[in-house]
Each structure stands twice: as structure tokens, then as C-alpha cells.
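Thank you for making the time this morning. I would like to walk you through one structure, and I will go slowly, since it may be new to you.

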Amino acid sequence: MTTPNPGPWVNPELQEGEPWKTQDGIVKFIEFPVPKSGMSPRAFHLYWQKHHSPNVMNITSFAQFMRKYNSAHKYPGDPLKLPARYDQAVPFEGAAEVWLNSINEVGDWFSNPVYPGLIQPDELRFISQNGDVEVIIAKEERLYEPDPDMTESLKSKVYLIVNRPAEVDYHAFHAAASNHAKLILKQASLKRWLKKLVLSHKLREPLPFEGFQMSNIDAVLELWFDDLNAAKAFFEDQAFARDIAANETKVFAPGARGLVARTRVVHDEFSFQPSTTQPMPFFWD
């Protein structure tokens, strides 16, 4: 491995109009973790926030590849009830998102001896190993980001995890998904509640390295809100029920899943927002 500390840097402001068409540029590793059997949600989130994430960032030889690292923590008790067509009965307790300079660096990241020596053994202490954790590598389409330095920590975030219909090819699906997200932004009554809108497109396989199997997720629509009240107003808006829901049936396969979480920025080289070094406040059942 030839990458020197602290590693190269790629300008995050360079964006592609149709990012799903190549494997070039910054990629995002998204993991939806499930707690180890017998571990309470509270213990899981404390371990993730207070032990695992800080230690990962303190290991420079491993963290040098990570341009940004967010952890999103599921709200206890699902206080935001999404429309019934989104399955909220998912086992995930959140989402871990890591941005790397390129797909080639993903292989270097995992082949770093620190991963099997320290990182992976620590994951065994709190993350399920029963095959229920889901992971993809994606490229972002940042469709609405009025403030690139927005403080993301403590913002509410809704992940809509979707798949392409079996009869639709890869490029047609991602183009349609992109247009669907843009349709949301055309509704003024919906856009006013959003702080940010991102569509993460799963990279087309095969990947340029071996030993990594992505989950059956084709795209993740990521909607950011100030709080749960804003998210509730968004999903209860008539424009969403009338226009967006109808278009979803044309674009996505049945069985979309929803996850409502609170975001924490562990590390960020892309903006001037602060990182969060202490656990976020949560109210647990």
C-alpha cells in the first residue's frame, strides 16, 4: 500500500450529472447495522458512539482513507410513522456512511492490516454477524444542498431504501430514480421542509476488487429535516400523497423500506461543520 498519511484529497464540489454511469469519483460506503443478539438498543448506540467510532478515527493508517464519516442512529420507538407502504419493521438500528476518494481506495481500506486486526474484531462486539446487516457502495447525487456547511449533527434523517423492478435495466432505473427525486423538489410545499436531499445510487457490479458482496439495495433516497415535526409535515402533505406516491409505484419495486434516524458527524473534510465528539442526547424507552 503506497498511500501516505494523511492520504490524498479529492474536491467534493466536483459533481457528475449522472453519477450512476461510472465508477469514477468519490464513493460512499453505506452500512445498515443490526445489534448483536442480546444487546439492548441503548447499549448498542452507546458502544457505537462512544467506543467504536472514536477509536476508528484515532487509527490514522485506517482513517486516512475516510474523507467523511457519519453515523445515523434510529429513533427509539419509531416516533415518526411513515406512510404504510414503507416497511419500518427493519432490524437496522441506524446507518453508517463513509466517503472515500475512489472505488479503488475501498480495496485498500479493507486490505489495511488494521481492519482484520482491530476494526473487524471490535465490530463483533456489538454488530450482528447473522447476515442481517446490509451494505452497499454507492455514488451520491446531491440534488438539494442549499448550505454545504450545514451542521448535520442532530438533524433528523429519513432513509428510503428502494429496489428496481426486475424488468427495468440498471441505467433506466437510476435515471428514473433521479427524476423522481427531482419531482419532490418541484413541489414547493414539500421542498420547504427539506434541509437536504441526496440520492445514493448503488455502483454497478462487478467491483474492481474481490471479496466484497453488496446487499440487494439499488438506491437510497436520503431526506434531511430539522426535526421530526418537519418530517411529519412533509409526509402528511397532500402533494406527497398525490404526486410523489403515485410516481413511486412507477419507479420502485414494491417493498420499499424506511428508517428514521438522528445524524451524528464523526468526521468531515468536506465542509466547515463541526464534528461531534460526545454522544448525542437520546430519550430511550
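**Charges, strands and rings**

Let me begin with a lysine and a tryptophan: in this predicted model, the charged end of K68 lies over the ring of W99, at 4.9 Å from the ring's centre. K68 has a relative accessible area of 6%, and because buried means under 20%, this lysine counts as buried. Its side chain also meets that of E152 in a salt bridge, with 3.1 Å from N to O. These two residues come from distant parts of the chain, K68 from strand β2 and E152 from the loop between β4 (134-144) and β5, with their positions 84 residues apart in the numbering. E152, for its part, is buried as well, at 2% relative accessibility.

Staying with salt bridges, I would point you to K157 and E97, whose closest N and O atoms are 2.8 Å apart. Since K157 belongs to strand β5 and E97 to strand β3, this pair ties together parts that lie 60 residues apart in sequence. Both K157 and E97 are buried. Through shared partners, salt bridges join K28, K68, E97, E140, R142, E145, E152, K157, K196 and E222 into one network. In the whole structure there are 22 salt bridges, and one of them is formed by R242 and D243, with the closest N and O atoms 3.0 Å apart. D243 is partly exposed, with a relative accessible area of 26%.

Two members of that network, K196 and E222, bring us to the strands. Which side of strand β7 is covered, one or both? Both faces are: A219, L221, L223 and F225 are buried on one side, while V220, E222 and W224 are buried on the other. Seven of the seven residues of β7, which spans residues 219-225, are therefore buried, and the strand is largely enclosed by the rest of the structure.

The neighbours of β7 are worth following on the screen. Strand β5, residues 156-162, runs antiparallel to β7 and is joined to it by seven bridges, with V162 standing opposite A219. Strand β6, residues 196-202, also runs antiparallel to β7, and here six bridges make the connection; among the partners, L199 is matched with L221. There is a further contact involving W224, in that the charged end of K196 sits over its ring, 5.1 Å from the centre.

That leads me to the aromatic rings, of which a search of the whole structure finds 21 pairs. A pair of aromatic rings is described by the distance of the centres and the angle of the planes. For Y86 and F235 the centres are 6.4 Å apart and the planes stand at 75°, so this pair is edge-to-face. It, too, links distant parts of the chain, for Y86 is in the loop between β2 (66-74) and β3 (94-100), whereas F235 is in helix α7 (residues 228-236), 149 residues apart. Y86 counts as buried at 4% relative accessibility, and F235 is buried with a relative accessible area of 7%.

F235 also pairs edge-to-face with F234, at 5.0 Å centre to centre and with 80° between the planes, and F234 is buried just as F235 is. Elsewhere in the list of rings, F29, F62, W109, F110, Y115, F209 and F212 form one aromatic cluster.

Terms used:
Residues are numbered from 1 along each chain as its sequence is written. This is a predicted model: local features need pLDDT of at least 70, side-chain atom pairs count only at pLDDT 80 or more; totals for chains, interfaces and linings use all residues. Side-chain values use heavy atoms; hydrogens and water are left out. Buried means under 20% relative accessible area, exposed over 50%, partly exposed in between (1.4 Å probe, protein chains only). Helices (H or I, at least four residues) and strands (E, at least two) are DSSP runs, numbered from the N terminus. Two strands pair if DSSP finds at least two bridges between them. Rings of Phe, Tyr and Trp (its six-membered ring) pair if their centres lie within 6.5 Å; planes under 30 degrees apart count as stacked, over 60 as edge-to-face and the rest as tilted. A charge sits over a ring if NZ of Lys or CZ of Arg is within 6 Å of the ring centre and within 35 degrees of the ring normal. A salt bridge is a side-chain nitrogen of Lys or Arg within 4 Å of a carboxyl oxygen of Asp or Glu.
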